[in-house]
Structures are given as structure tokens and as C-alpha cells.
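Let's take a walk through this protein together, from one contact-rich spot outward to its sheets and helices. Keep the structure open beside the text as you read.

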Amino acid sequence: MLPVSVCIHAVHAKPDQCHILRHRLPDIRTIRFVQSETSFSEDILYLGTPQQLRRLFLSTGSGQPAAQGVCPCFFASAPDSREAASDSVPSLLALAAQLGVNLVCSDEDIFTLYNLLDEQVQKLRREPTDTQDGPAADAAPPSRRTREETRREFRLLLKGIVENQITDKEEIHGRCEAMGCGYGIFCSFMIMDFQNQKLLKKHGTRILTRLEELFPDALGTVYGDGIVLLLARSNRSFQPRPVFDTAALTQVLESCQAYAAISNATSRRGLMRTQYMITRQALSLARKLFPERKERIFYFEDLAQYLMIELAVSSFRELFGHDDIVLLIHPDAIRLIEYDQKHHSDLMKFVYHYCLCSCNIVQTARSAFMHRNTAASRLARVHKLITADLADGQVQQRMIFSYKVYHYYQKCSCMSLEERMERL
């Protein structure tokens, strides 16, 4: 059975924003978003916005769930400021009391709420039950690995995967499952890189223990020059960013002068070596590309195009004997870069923000930290220099890619793009 108090804690709800009649729930079969439900079940957790739940409660009629002999549990997500001003939570609690149901109100958005609850349901399903009948109930429980044994086993598995000695996907899945990480269909890596290796050598075990507290279902180990965690979930709903306590992880990273990269998730165990290696490469790129960035957590999705650029550079070097990918840049981007070099301006970066914001001048000004009139003036100057139609979606993609090539050469190469263009 699932204690309601566990759910309340998991979704960061306040006790005074909950109406609880039944403190333990049966085995939860599924989590369902409220649409137009007319019947209720105790083995389903119902999620909805305050408006959806209010409409459902009002249309259901007082006492109907009680008349059905059930006490379902509802979760309301993230009431906004207008709803809070209208005293929505107390009114929802009053309706829940009339209907005889459990109601938990949380400030999390509905998809975060789903992930947090799903995590608790998955934990419940993995816990051994003491209600079995027959000889199995009297059998001695299987021996459990100690934390250190699990770390050692994961380190050996990871080493075998990275060194291409373990390639069979069934073996990888089986060994992960034996360590308690097999329930998650989709897996992603979190790789930590340390600025000060002495801190890793001295406090690596303590740091890893803290990370395991933040990610209790993950496998973790000290490996190479950093720490590696394998995160697992039962679905893709947390893509591309998993749900976790970002502030707490940032605090850990700051305390040990480290950075972390989190990969996208995959269900293909045979690709875990590639997944690990491109995530480590993406983290190395991030450190070079954004040395002034205060945030210490990087997501692979934000770095994927830069990794593609680095792979293109490597491919050019192998195929053509040089690493100049200038020919992949949009011609108008070359023109803007040359203009910036001559006039000490930053029109190329402005066009990058403009294309990212789908040519919305107000959003561009906000993104580039400038006044709207300044943004409009720069846009007029850009239109005098280029012939491409920036309203064209394909041109926008090319300009974004071109700026990232320019940024890559500025930060990750011994020769800037301006110097390379001078040689053409």
C-alpha cells in the first residue's frame, strides 16, 4: 500500500492544502489525467488543474464517490496567481470534503507532478510484499548488495561498456537489473567533471553518497576523472530534462567545484557506450564554449548541435586533410561576420537571437538584453547587408547553425573563424 504522506512529501505539498480521509492507498494501477471521468477507482491517481478538478467535482455531485463505496485520490497542480487570489484551494478542499475524496494540492506543474508520482508508484512496485501465501512467503529474502558492492559492480560494468568489452544488450540489461536499475526502460547518463581532481580523490565517496541521496534509484560510481550516474525511468515523459532537485544538485556541484552533463534517454542498451562517450564529449565542449556561465548543469539537447559541428570538423580533417568547415556556413552569415570584424559590432550574434525568437523583435530585444528600439535599428542594418529572407524557417536554421560554427571556432579552436576566412 502507498502512504498518502509519501505522495504529499514527494510532490512538495503543504499539509494545510490537503484533504485526507484515507491515509493509505491500495496498489496503484495507473496515473490518469482528469478529462471527463464519471466513475472513480481507488487504484488510480487522478491528476488535473484546479479548474479541471473544480468542474469535475461540481458535475459529479455531492457524495457520489462515497455512494460508490470508494475513496479515490486527486492531485491538483500549480494553481496560478489568479486562482490563488480567488481562494481556489480552500474551495477545492471544501468540495473534496463534500465528495468524500482525498485531495492533494501542489505547486508543481502537471507534468512534473506526474513524474514525481510515477516515481513513487514505481518504487512501490519494486518493494517486496509480505502478503504472499505458500512456501515463497517463508523463504529467506535474497541477499542484497551493499552500497559499495553495487558501486564496484557498476564500475566494472561501465568499464566493460566503455572499453567495448561488453556489447551484448541483454547482458547489460540483466546486470543493471541485478543492481536494482532494471525497472527503468529508458536510461540516461549524468557525468560529473571536476575542476580540482584533488577534491575528487579526497571526497569522492562522500560526494557520491550525496548524489545517491538525490537520485536514490540511480547507479553511481567514481570512474576515470569524475563521477558517473545512470538514471532510469519507466517512460520518456522526463525528456529532455529529468525531474530532480536542481538547486540541491547545483549546491553539490558548487561545493566540489564540478560540472555535470545529463544525456538524453534511450531504451537501447546496445548504444550505451556511444551515449556515454558523446555525453562526456558534450561536457568537455560545454566547459570550453561557456566558461563564464554560472550554471553548472548542462543538458545534452542544448549541446547537440555543437557536438555535430565538432564531428563535422573531425570528418573534414579525416576526409580533406583540414578542419575548415567554413563552406558549411550560410553566405550571408559570412558577410555579417566580416562586417562585425571590420566595425567591431555583433550583428551575427543579434541575428542568432532574432532567428531563435522566430523573428519576434520584442522577444529578440529581451533575449539579447537590449532596448526594443536598439534591436529594431540593428535589424534594419542587417537587412541592408544580407539578401536572405530571415522569415524563412530554413534560413533561420542555417543562420543559427552558422552562428554556432562561429562560436565554436572562437572558443574551441586555436584559429578563429575570422583568421580562417582570411586564408580563403
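A good place to begin is Ser77, which is in contact with Gly48, Thr49, Pro50, Ser106, Glu108, Asp109, Ile110 and Leu113, leaving aside its neighbours within four places in sequence. Contact here means heavy atoms within 4.5 Å. Ser77 belongs to strand S6 (residues 73–77); helices (H or I, at least four residues) and strands (E, at least two) are DSSP runs, numbered from the N terminus. Ser77 is buried, as its relative accessible area is 4%. For this term, buried means under 20% relative accessible area, exposed over 50%, and partly exposed in between, with a 1.4 Å probe and protein chains only.

Before we go on, a word on the model: it is a predicted one, in which local features need pLDDT of at least 70 and side-chain atom pairs count only at pLDDT 80 or more, while totals for chains, interfaces and linings use all residues. Residues are numbered from 1 along each chain as its sequence is written, and side-chain values use heavy atoms, with hydrogens and water left out.

Now step back for the overall picture. The protein has 19 helices and 12 strands, and 49% of its 424 residues count as buried. Among the contacts with a separation of 6 or more, 70% are between residues 24 or more positions apart.

Back to S6 and its surroundings. An open sheet of 5 strands runs in the order S2-S7-S6-S5-S4, with mixed pairing. S2 and strand S4 (30–33) stand at the edges with a single partner strand each, so one side of each is left without a neighbour in the sheet. Two strands pair if DSSP finds at least two bridges between them. In general, the strands of a sheet pair through backbone hydrogen bonds, either parallel or antiparallel. Strand S5 (residues 44–48) and S6 are joined by 4 bridges in the parallel sense, and Leu45 has Cys73 in S6 as its bridge partner. Cys73 counts as buried, because its relative accessibility is 2%.

At an edge of this sheet, strand S2 (residues 18–19) holds Cys18. Cys18 counts as buried at 14% relative accessibility. Not counting residues up to four places away in sequence, Cys18 touches Ile8, Ala13, Leu93, Leu103, Val104 and Cys105. Cys18 and Asn102 are 84 residues apart in sequence, yet 7.6 Å apart in space, C-alpha to C-alpha. Cys176 also counts as buried, at 2% relative accessibility. How many disulfides does the structure hold? There are 0, taking a disulfide to be a pair of cysteine sulfur atoms within 2.5 Å.

Next, find strand S11 (residues 258–262), where 5 of 5 residues are buried. Ala258, Ala260 and Ile262 point one way from S11, while Tyr259 and Ala261 point the other way. Strand S8 (residues 186–194) pairs with S11 in the antiparallel sense over 5 bridges, and Asp193 stands opposite Tyr259. S11 also runs parallel to strand S12 (residues 297–299), to which 3 bridges join it; here Ala261 has Phe298 as its bridge partner. From S11 the chain crosses through helix H12 (residues 272–289) to S12, in a β-α-β crossover that is left-handed. By convention, a crossover is right-handed if, with the strands pointing away from the viewer, the path from the first strand over the helix to the second runs clockwise.

Our last stop is helix H17 (residues 372–385), whose 14 residues reach 20 Å from first C-alpha to last, close to the 20 Å expected at 1.5 Å a residue. That expected span is 1.5 Å times one less than the number of residues. Which residues of H17 are buried? They are Ala375, Leu379 and Val382. These buried residues cover an arc of only 60° around the axis, which puts them on the same side of H17; the arc is that of the directions from the helix axis to the C-beta atoms. On the other side of H17, Asn373 and Lys384 are exposed. The cover over the buried residues of H17 includes helix H14 (331–343), helix H15 (347–356) and helix H16 (361–367).

The loops linking these helices deserve a look too. Cys359 lies in the loop between H15 and H16, and has a positive phi of about 65° although it is not a glycine. In the loop between H16 and H17 you will find Phe369, another non-glycine residue with a positive phi, of about 55°. Phe369 counts as exposed, because its relative accessibility is 77%.
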